[in-house]
Amino acid sequence: MTVSLKNTRNEVELARIGYEQIQKTLIDEPIEITWVTGGKTYQITEIKAGHWKGIRVYEKEQELVLQMVAFTSTTAQ
């Protein structure tokens, strides 16, 4: 049960870091490449492929990948 609790806490931390960093990509701010909290160091990379943007957060064996689609619209004049 203790191991399960630690894994769940780490998953929540991965999600929080990913959410905060993906918000930065929405307003074109640079992401942080490392994040230290609770004695752990998380590595963060940004993903860009066409209209897709995303964040990948790693901590040892655990990984979180968040993706989103960035749409652009044009209006005829």
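Student: OK, so strands are DSSP runs of E with at least two residues, numbered from the N terminus. Where does that put Lys40?

Tutor: Lys40 belongs to strand 2, which covers residues 40–49. Keep in mind that this is a predicted model.

Student: Noted! Is Lys40 buried or exposed?

Tutor: In between: Lys40 has a relative accessible area of 30%, so it counts as partly exposed.

Student: Which residues form the positive surface patch?

Tutor: The patch is made up of Lys6, Arg9, Lys40 and Lys60.

Student: Let me zoom out. What is the pattern along the sequence?

Tutor: Reading along the sequence gives α-β-β-β-β, that is, one helix and four strands. Of the 77 residues, 27% count as buried.

Student: And helix 1, how far apart are its end C-alpha atoms?

Tutor: They are 37 Å apart. That agrees with the expected span of 36 Å, because helix 1 has 25 residues (2–26) at 1.5 Å a residue.

Student: Which residues of helix 1 are buried?

Tutor: The buried set is Asn10, Glu13, Leu14, Ile17, Gly18, Gln21, Ile22, Lys24 and Thr25.

Student: What happens just after helix 1?

Tutor: Asp28 sits there with a positive phi of about 55°.

Student: New topic. How many salt bridges are there in the whole structure?

Tutor: A search turns up three. In one of them Arg16 pairs with Glu13, with their closest N and O atoms 2.5 Å apart. Arg16 also pairs with Glu20, at 2.9 Å between the closest N and O atoms.

Student: How many residues apart are Arg16 and Glu13 in helix 1?

Tutor: Three, so about one helical turn separates them. Arg16 and Glu20 are four residues apart in helix 1, again about one turn.

Student: Why does that spacing matter for direction in an α-helix?

Tutor: With 3.6 residues a turn, residues three or four places apart point the same way.

Student: Are Arg16, Glu13 and Glu20 buried or exposed?

Tutor: Glu13 is at 17% relative accessibility, so it is buried. Arg16, at 34%, is partly exposed, and Glu20, at 31%, is partly exposed too.

Student: What does Glu32 pair with?

Tutor: Lys24: their side chains meet in a salt bridge of 2.9 Å, N to O. Lys24 is buried, with a relative accessible area of 19%, whereas Glu32 is partly exposed at 33%.

Student: Which residues do shared salt-bridge partners join into one network?

Tutor: Glu13, Arg16 and Glu20.

Notes
Residues numbered from 1 in each chain as written. Predicted model: local features only at pLDDT ≥ 70, side-chain atom pairs only at ≥ 80, totals over all residues. Heavy atoms only, no water. Patch = residues over 30% accessible without salt bridge, like charges linked within 9 Å, V, L, I, M, F, W, Y side chains within 5 Å. Areas by Shrake-Rupley, 256 points an atom, 1.4 Å probe, with all protein chains shown as cover. Salt bridge = Lys/Arg side-chain N within 4 Å of Asp/Glu carboxyl O. Lys, Arg positive; Asp, Glu negative; His and termini not counted. Charge placed at Lys NZ, Arg CZ, Asp CG, Glu CD. Buried < 20%, exposed > 50% of the residue type's maximum accessible area, 1.4 Å probe, protein only. Expected span 1.5 Å × (residues − 1).
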